[in-house]
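Student: I've just opened this one up and I'd like to understand the labels people put on it. Can we go through them together?

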Amino acid sequence: MSEPEVVVERVDGLGRITLNRPKAINALNHAMVRAMASALLEWADDDSVRAVLLSGAGERGLCAGGDIVSIYHDAREGGSGSKDFWRDEYVLNAAIARYGKPYIAIMDGIVMGGGVGVSAHGSVRIVTERSTVGMPEVGIGFVPDVGGTYLLSRAPGELGTHVALTTARLDAGDAIACGFADHFVPSDRLAEFERALATGTVEDAIAQCAQQSPESTLAAQRSWIDAAYAADTVEEIVANLQSSGIPEATAAADQILAKSPTAAKVTLRALRQARELDSLEAVLDQEYRVSLACLGSHDLVEGIRAQVVEKDRNPAWSPSSLEAVTDEHVDRFFEPLGEAELGLAATITSERS
């Protein structure tokens, strides 16, 4: 009998959710999202559950993201599976952010894309010296989702813009500095932290096990990052980086130019608009529009093919340059969906009124 892909338990007053696909670094599929949502709903009014604890099976990480190979096949075949998956996933992301009990995420090891969505919206986010956190979507012709543009747009200065456009990886110090995590607990103290959660309060467990977080190398570079990424277009950002005379900035320009030009421009628009939206729900609504548009685009299929399926690492983006991606082309990714809208912001507004 095969093991469940999500292990759901009540232990010592904790509702424990363990993502259990270690060979795939616990990559999320639709069934896993539904299992998580069901557990959170059940525990919301269960007085025997004081807090929720999310972790990942295996040594490699909490979650490497969504199952993008399935998205690749769905996009090629014109199916609806990805639309349904994203709808339920984004609803879960919003539910985690507004959960009425402490939601503690152990962000140990690799935490990418969808893994960020099920962890970084929690109320207590733990990173370790092994943590590698990131939103790599632009590299496969996609755009940061799962509330990623909400988090990135609210990082200090232009750090989030840099992370999104270059797909930079965040270590523990960077993740805390950018607002993706809260506390640093060394990996060899995670078991102690979990025992402390079982016998005391969340605050006591943090006080007992958390240590001073490492310095953020990314935050230390804010002067050139803020100056370069404050521009209104990706072309201007790249030019600023190239002319700065700073090796790290020149490298960042090269990284952006290797990504999907369409995804880069749509991502910058999404980040700037997310900064003006007043709730995670409103941002998730926007991300759903963009994700569905990406599903019908050339670059998403081509990016996954090149990076994950055939692994030739040589995507043929179309259009192939930033200059060829017009404002009108970018506009199409934000068009309203009519009856297919996610509608999370409207739901929250209705609940408040």
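Tutor: Sure, let's take the labels one by one, keeping in mind that this is a predicted model.

Student: Why is Asp12 called exposed?

Tutor: Exposed means over 50% relative accessible area. Asp12 has 53% relative accessibility, so Asp12 counts as exposed.

Student: Where is Asp12, and what is its phi?

Tutor: Asp12 is in the loop between β1 (6-11) and β2 (14-19). Its phi is near 55 degrees, a positive value in a residue other than glycine. That loop belongs to a hairpin with two residues between the strands.

Student: How do you know that β1 and β2 pair?

Tutor: Pairing takes at least two bridges between the strands. β1 and β2 are joined by six bridges, so they count as paired, and they run antiparallel. One of the partnerships is Val11 with Leu14 in β2.

Student: What about Thr167: buried or exposed?

Tutor: Buried means under 20%. Thr167 comes out at 11% relative accessibility, so Thr167 counts as buried. You'll find Thr167 in the loop between α6 and α7 (172-177). Thr167 has a positive phi too, about 60 degrees, although it is not a glycine.

Student: And what makes Ser187 buried?

Tutor: Its relative accessibility is 17%, and the cut-off is under 20%, so Ser187 counts as buried. Ser187 lies in the loop between β9 (183-184) and α8 (190-199). Leaving aside neighbours within four places in sequence, Ser187 is in contact with Asp108, Thr128, Glu129 and Arg130.

Student: How do you know that the buried residues of α11 are on the same side?

Tutor: The buried residues in α11 are Val234, Ile237, Val238 and Leu241. They cover an arc of only 95 degrees around the axis, which puts them on the same side of α11. It also helps to recall that an α-helix has 3.6 residues a turn, so residues three or four places apart point the same way.

Student: What covers those buried residues of α11?

Tutor: The cover includes α6, α10, α12 and α13. Just after α11, Gly245 takes a positive phi of about 80 degrees.

Student: Which residues of α10 are buried, and what do they pack against?

Tutor: In α10 (residues 222-229), the buried ones are Trp224, Ile225, Asp226, Ala228 and Tyr229. They pack against α6 (159-166), α11 (234-243), α12 (247-257) and α13 (261-276).

Student: What makes a set of residues a nonpolar core, and how many residues does the largest one have?

Tutor: The members must be buried, be of certain types such as Leu or Phe, and be joined through side-chain atoms within 4.5 Å. The largest set of this kind has 92 residues, and those with the most contacts inside it are Ile17, Leu19, Phe180, Tyr229 and Leu241. Its largest share, seven residues, comes from helix α14 (residues 280-295). Apart from this core lies another, of 16 residues, including Leu14 and Cys209.

Student: Which residues is Phe180 in contact with?

Tutor: Setting aside neighbours within four places in sequence, the contacts of Phe180 include Met107, Val116, Leu151 and Leu170.

Student: Last one: what makes the bond from Ser318 to Pro319 cis?

Tutor: Look at omega: it is near 0 degrees, and the peptide bond is cis. Pro319 itself lies in the loop between α15 (298-309) and α16 (327-331).

How values were computed. Residues numbered from 1 in each chain as written. Predicted model: local features only at pLDDT ≥ 70, side-chain atom pairs only at ≥ 80, totals over all residues. Heavy atoms only, no water. Buried < 20%, exposed > 50% of the residue type's maximum accessible area, 1.4 Å probe, protein only. Helix = DSSP H or I, 4+ residues; strand = E, 2+ residues; numbered from the N terminus. Contact = heavy atoms within 4.5 Å. Arc of directions from axis to C-beta.
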